[in-house]
Amino acid sequence: MVFKRLMQAMGVGGPSVETVLANPHCRPGGQLEGRIQVAGGDHGVDISYVALGLVTRVEVEGADSEYNTTQEFARQQVTGPFRLEAGQRYDVPFRFPVPWETPLTDLYGQRLHGMTMGLRTELEVARSVDSGDLDAVSVHPLPAQERLLEALLRLGFRFARADVERGHIYGVRQSLPFYQEIEFFPAPQYARAINQLELTFVTEPRQTQVVLEIDKRGGVLAEGRDAFGRFTVDHATVDTIDWAAQLDAWIRQSVQRRGLFF
């Protein structure tokens, strides 16, 4: 009896939890739907709660170190406390709101190199260990984001990788404690002046703030430096602007101000 109680305290023979998503694909500002299946083990337990959390990998830069960590950035408690008897099954449907600033993971059917995203299910058992489940999630761009990405591709830029960095961008209103950088190799016509271009979206319901960073090449008479551009894209009027022309003009002006030419 003592051994059995010890095993129960360690979570052996306890409940299991599995989340089934109706569709693992979503967009910022959308939602994920599905159901959580909780199955009782070989003894009854008191469940404290069942919760969902959206998590991603975040890069953290310190004074002397740099490391990656998994960060939860959206959470929803799905149930309160309840009793789960041995062998009993308990299904919980859910709708989980996806924050507008959620980083993108997929572009044109391809996973962005460097990106991970998952919906984590947490089941806390009173006086025992937690059980959990993690389901991969794919976040696709909104139409306004697609227009900017398509413009860069039309100009000849190529996707390199993406990451999520903890912190806030100066002068930009953020609700999440991190931001995504999507990195591009330079288009051939800019390659003599640019090492790479980084794009960040900070999205709200009606508009998207776009932050561009150019890593410039240095020359004999010009030191390589970064250049920043920031503008707002209105979701309702995004199709009225030639974004390829706008981006090309900004890149050329920015580089030429530093005394570099194509």
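A cavity here is a set of grid points where a 1.4 Å probe fits but cannot get out, and its lining residues are those with an atom within 4 Å of a point. Keep that in mind as we walk through this structure, which is a predicted model.

Let's start with the empty space itself. Rolling a probe the size of a water molecule over the atoms shows where empty space is left. In this model the search turns up one cavity of 30 Å³ or more. The largest cavity holds about 80 Å³ of space. If you want to find it on screen, pick out its lining: W100, E101, T102, P103, Q145, F178, Y179, Q180, F201, V202 and T203. Two elements, β14 and β15, each give two or more residues to that lining. As for chemistry, the lining splits into six nonpolar residues, four polar and one charged. Where does the largest cavity lie with respect to the domains? Domain 1 (1-139) and domain 2 (143-256) both contribute residues to the lining, so the cavity lies between them.

Now for the charged side chains. Side chains of opposite charge can pair when their charged atoms come close. Across the whole structure there are 15 salt bridges. A nice place to begin is R75, whose side chain meets that of E72 in a salt bridge, with 3.2 Å from N to O. Both partners are partly exposed: E72 has a relative accessibility of 28%, and R75 comes in at 44%. R75 also takes part in a salt bridge with E122, this time at 2.9 Å from N to O. What does the pairing of E122 and R75 tie together? E122 sits in strand β10 (residues 117-125) and R75 in strand β5 (residues 66-79), so the pair links parts that are 47 residues apart in sequence.

Further along the chain, R111 pairs with D106, and their closest N and O atoms are 3.4 Å apart. The two ends of this salt bridge sit in unlike surroundings: R111 is partly exposed at 38% relative accessibility, whereas D106 is buried, with a relative accessible area of 8%. Salt bridges can also chain up through shared partners, and that is how R27, E146, R147 and D239 come to form one network.

While you are around R111, have a look at Y108. This residue lies in the loop between β8 (106-107) and β9 (110-111). Its phi is near 55°, a positive value in a residue other than glycine. Y108 counts as partly exposed, because its relative accessibility is 45% and the partly exposed class runs between 20% and 50%.

On to the aromatic rings. A pair of aromatic rings is described by the distance of the centres and the angle of the planes. The structure holds five such pairs. In one of them, F82 and Y90, the ring centres are 4.3 Å apart and the planes meet at 25°, so the pair is stacked. F82 is buried, with a relative accessible area of 14%, while Y90 is partly exposed at 31%. The rings of F157 and Y190 are another case: their centres are 5.3 Å apart and their planes are at 25°, so this pair is stacked too. F157 belongs to the loop between α2 (143-155) and β13 (158-166), and Y190 to the loop between β14 (178-185) and β15 (194-203), so the pair ties together parts 33 residues apart in sequence. Both F157 and Y190 are buried.

Finally, here are two spots where the fold brings residues together from separate stretches of chain. Is A151, in helix α2, buried or exposed? A151 is buried, with a relative accessible area of 0%. A151 and D242 are 91 residues apart in sequence, yet their C-alpha atoms are 8.3 Å apart in space. The other spot involves D42, which you'll find in the loop between β3 (31-39) and β4 (45-61). D42 is exposed, since its relative accessible area is 56% and anything over 50% falls in that class. D42 and A86 are 44 residues apart along the chain, and 5.0 Å separates their C-alpha atoms.

Definitions and conventions. Residues numbered from 1 in each chain as written. Predicted model: local features only at pLDDT ≥ 70, side-chain atom pairs only at ≥ 80, totals over all residues. Heavy atoms only, no water. Salt bridge = Lys/Arg side-chain N within 4 Å of Asp/Glu carboxyl O. Buried < 20%, exposed > 50% of the residue type's maximum accessible area, 1.4 Å probe, protein only. Helix = DSSP H or I, 4+ residues; strand = E, 2+ residues; numbered from the N terminus. Phe/Tyr/Trp six-rings, centres within 6.5 Å; stacked < 30°, edge-to-face > 60°. 1 Å grid on protein atoms, 1.4 Å probe; cavity = no way out; pocket = protein on both sides within 12 Å on 5 of 7 lines; lining within 4 Å. Points joined across faces, edges and corners; volume = space filled by probe spheres on them. Nonpolar A, V, L, I, M, F, W, Y, C, P; charged D, E, K, R; others polar. Domains from an automatic or database assignment.
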